[in-house]
Amino acid sequence: MFSRDTESLRATVLLSDGETDQIILPEADPARLLRMQEVVGGHLEVVPIPGRRYLVVSESAKDGPHVINRIATQMAQEAESIPLDDYLAGTVLLVSQQVMN
């Protein structure tokens, strides 16, 4: 499905309805940043989780009406990256460290 060349640029899209999808992000840094912003819907907030991975969410995802992303929230809480009374909202990207370099 994905070649070795694109494997490090693969991201999992965690939708707030519990569905997931796989995408390949662009190689060029500016294009990759723009694509991640398009997917999550705004400026990026990065939440580290174990395994040299990150959850990438819109920093304004909780502003106004929003839907809690239960999968991403559980991952972040289990990693102790956010408090148990906090949550992540909206579409979230799960990416490797290579994507963030």
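## Close-up views of a predicted model

**View A. Arg32 and the residues around it.** Leaving aside residues up to four places away in sequence, Arg32 is in touch with Leu9, Leu25, Pro26, Glu27, Gln98, Val99 and Asn101. Keep in mind for this and every other view that the model is predicted. Arg32 belongs to helix H2, which covers residues 29-40. Is Arg32 buried or exposed? Its relative accessible area is just 7%, and since buried means under 20%, Arg32 counts as buried. Its side chain still has a polar partner: one of its polar atoms lies 2.5 Å from the backbone oxygen of Glu27.

**View B. The two sides of helix H3.** Which residues of H3 are buried? They are Ala72, Thr73, Ala76 and Gln77. Looking down the axis of H3, you'd find these buried residues within an arc of 130°, so they line one face of the helix. That fits the usual geometry: an α-helix has 3.6 residues a turn, so residues three or four places apart point the same way. Flip to the other side of H3 and you meet Arg70 and Glu78, which are exposed.

**View C. What sits over the buried face of H3.** The cover over the buried residues of H3 includes four strands: S1 (10-14), S3 (44-49), S4 (53-58) and S5.

**View D. The ends of H3.** At the start of the helix, look for Asn69: one of its side-chain oxygens comes within 3.4 Å of the backbone nitrogen of Ile71. Just past H3 comes Glu80, whose phi is positive, at about 60°.

**View E. Asp85 in its loop.** Here we're in the loop that runs between helix H3 (70-78) and strand S5 (92-96), which is where Asp85 is found. With a relative accessibility of 70%, Asp85 counts as exposed. For a sense of scale, the C-alpha atom of Asp85 is 14 Å from that of Lys62, a residue 23 places away along the chain.

**View F. The hairpin of S1 and S2.** How do S1 and S2 pair? S1 and strand S2 (residues 20-24) run antiparallel and are joined over five bridges. Within this pairing, Leu14 stands opposite Thr20 of S2. The hairpin has five residues between its strands, and Gly18 takes a positive phi there, near 95°.

Note on methods. Residues numbered from 1 in each chain as written. Predicted model: local features only at pLDDT ≥ 70, side-chain atom pairs only at ≥ 80, totals over all residues. Heavy atoms only, no water. Helix = DSSP H or I, 4+ residues; strand = E, 2+ residues; numbered from the N terminus. Buried < 20%, exposed > 50% of the residue type's maximum accessible area, 1.4 Å probe, protein only. Arc of directions from axis to C-beta. Contact = heavy atoms within 4.5 Å. Polar contact = N/O pair within 3.5 Å; in protein donor to acceptor, adjacent residues only side chain to side chain. Pairing = 2+ DSSP bridges.
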